[in-house]
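Reader: Please take one part of this fold and go through its packing closely, residue by residue. After that, I would like to know how the rest of the chain compares in the same terms.

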Amino acid sequence: MKKLLKNILKGVGIYHPLQSFYRGGIGAAINLYYRISYAKYQGSGYECNFCFARYERFVPHHPEKAIENAITKNDVIAGFGKNVYCPSCMSKNRERLVLAVLQNKVLVDGKKVLHFSPEKHLFQFISKKSNVTTVDIMPGFYQSIDKNILQEDATKLSFAPETFDIIIANHILEHIPEDTIAMREMHRVLKAGGFAILQVPYSEKLDNTIEEPWINDPARQEKLYGQRDHVRIYALKDYVERLKTSGFTVNVLKADTLKEYLKYGTQERECVFLCTKK
Ligand SMILES: [Zn+2]
């Protein structure tokens, strides 16, 4: 019955917009809860670079039992930790890290930006400064963030070569079976001299990426890769190699060069993959 209803809603094209609306409402309720319950932690310690709220601690997010093995056994840097969500605006650590890089390491103002599966806070920041095009394969999920979002398949982008100055794809490629085709497409639509921030969950411990690109078994995907819609866990070296093979010059900003951003509750060991096109 549930499946039938889902298919009917999908058939008339309102399933994903409804889900987006639902998630927005649930998100607001959770945000209110944390604002109240974390009020006692307001003060020095961590600062949100989106909303400037300061707390002794942010909201933790640790792997649930079902995915603990995939994440901890493979030592995956994936967005978990003690200080993940800002209690005030619910931005995530991985968004705050990208924001810190956009504010301090690169120029965003006046640029043409392609933002995949846009995160609310990042989108709001970028759209104030730049001309942003947002895209997703299921754009309905993101309509509450950007009503103008376009439907695009990352492996077959409809844009002309050299269209964008900047591409942001924050935890996207681990979902895509043909990830190297998507990388090459991103490289194609990026202008020479432009850059892409292409974050993914990755492991420094693994020698090889573990993957089954065409897997379609959410329960197994959760067990193997830590999320029901992931198709791999990248080995760090392999990920960088795939980006290079796709045409990018890859500048891995190592965690020790990002220490100044730890005050934003970013992950201690997370690197930033700053990819440029010559
Ligand atoms: Zn915040």
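Author: In this predicted model, the buried residues of helix α5 pack against α4, β6 (112-116), β7 (131-136) and β9 (164-170). The helix spans residues 120-129, and its buried residues are H121, L122, F123, F125 and I126. One helix and three strands are thus named as packing against them.

The pair formed by helices α3 and α7 can be followed further. Helix α3 covers residues 65-73, and its buried residues are I67, A70 and I71. Viewed along the axis of α3, these buried residues fall within an arc of 90°, so they line one face of the helix. The face turned away from that buried side carries K65 and K73, both exposed. Among the elements that cover the buried residues of α3 are β4 (76-77) and α7. After α3 comes D75, which has a positive phi, near 50°.

Helix α7 takes up residues 218-225, and Q221, L224 and Y225 are its buried residues. The arc they cover around the axis is only 75°, which puts them on the same side of α7. The cover over these residues includes α3, along with β12 (210-211) and β13 (232-235). Each of the two helices is therefore listed in the cover of the other, as given for α3 and for α7. The residue that follows α7 is G226, and its phi is also positive, near 90°.

As to geometry, the axes of α3 and α7 come within 6 Å and cross at roughly 45°. The range from 65 to 115 degrees counts as roughly perpendicular, and angles under 35 degrees count as roughly parallel; α3 and α7 are therefore oblique to each other. On the α3 side, A66, I67 and A70 make the contact, and on the α7 side E222, K223, L224 and Y225 do so. By type, the residues of this contact are five nonpolar, no polar and two charged. I67 and A70 appear both among the buried residues of α3 and in the contact with α7. Likewise, L224 and Y225 are buried residues of α7 and take part in the contact with α3.

Two loop residues are worth checking for their backbone angles. Most residues other than glycine have a negative phi. F52 has a phi near 70°, a positive value in a residue other than glycine. F52 sits in the loop between β1 (42-47) and β2 (54-55), and with 10 C-beta neighbours inside 10 Å it counts as exposed. M90 has a phi near 65°, which is likewise positive in a residue other than glycine. M90 belongs to the loop between β5 (81-85) and α4 (93-104). M90 has 22 other C-beta atoms within 10 Å, and since 20 or more are required, M90 is buried.

Two pairs link positions that are apart in sequence. L32 lies in helix α2, residues 15-37, and is exposed, having 10 other C-beta atoms within 10 Å. L32 and C89 are 57 residues apart along the chain, and their C-alpha atoms are separated by 9.3 Å. R188 is part of helix α6, residues 179-189, and with 16 other C-beta atoms within 10 Å it is partly exposed. From R188 to F164 the separation is 24 residues in sequence and 9.6 Å in space, C-alpha to C-alpha. F164 falls in the range of β9 (164-170), one of the strands that the buried residues of α5 pack against.

For the chain as a whole, there are eight helices and 15 strands. The radius of gyration is 19 Å, close to the 19 Å that the globule rule gives for 278 residues, so the protein is as compact as a globular protein of that length. Along the principal axes, the C-alpha atoms fill a box of roughly 50 × 50 × 40 Å. Buried residues make up 40% of the 278. Of the contacts with a separation of 6 or more, 64% join residues 24 or more positions apart.

Note on methods: Residues numbered from 1 in each chain as written. Predicted model: local features only at pLDDT ≥ 70, side-chain atom pairs only at ≥ 80, totals over all residues. Helix = DSSP H or I, 4+ residues; strand = E, 2+ residues; numbered from the N terminus. Rg over C-alpha atoms; globule rule 2.2 N^0.38 Å. Buried ≥ 20, exposed ≤ 12 C-beta atoms within 10 Å, placed from the backbone. Contact = placed C-beta atoms within 7 Å. Arc of directions from axis to C-beta. Axes fitted to C-alpha atoms, helices over the stretch in contact; angles between N-to-C directions. Parallel < 35°, antiparallel > 145°, perpendicular 65-115°, else oblique. Nonpolar A, V, L, I, M, F, W, Y, C, P; charged D, E, K, R; others polar.
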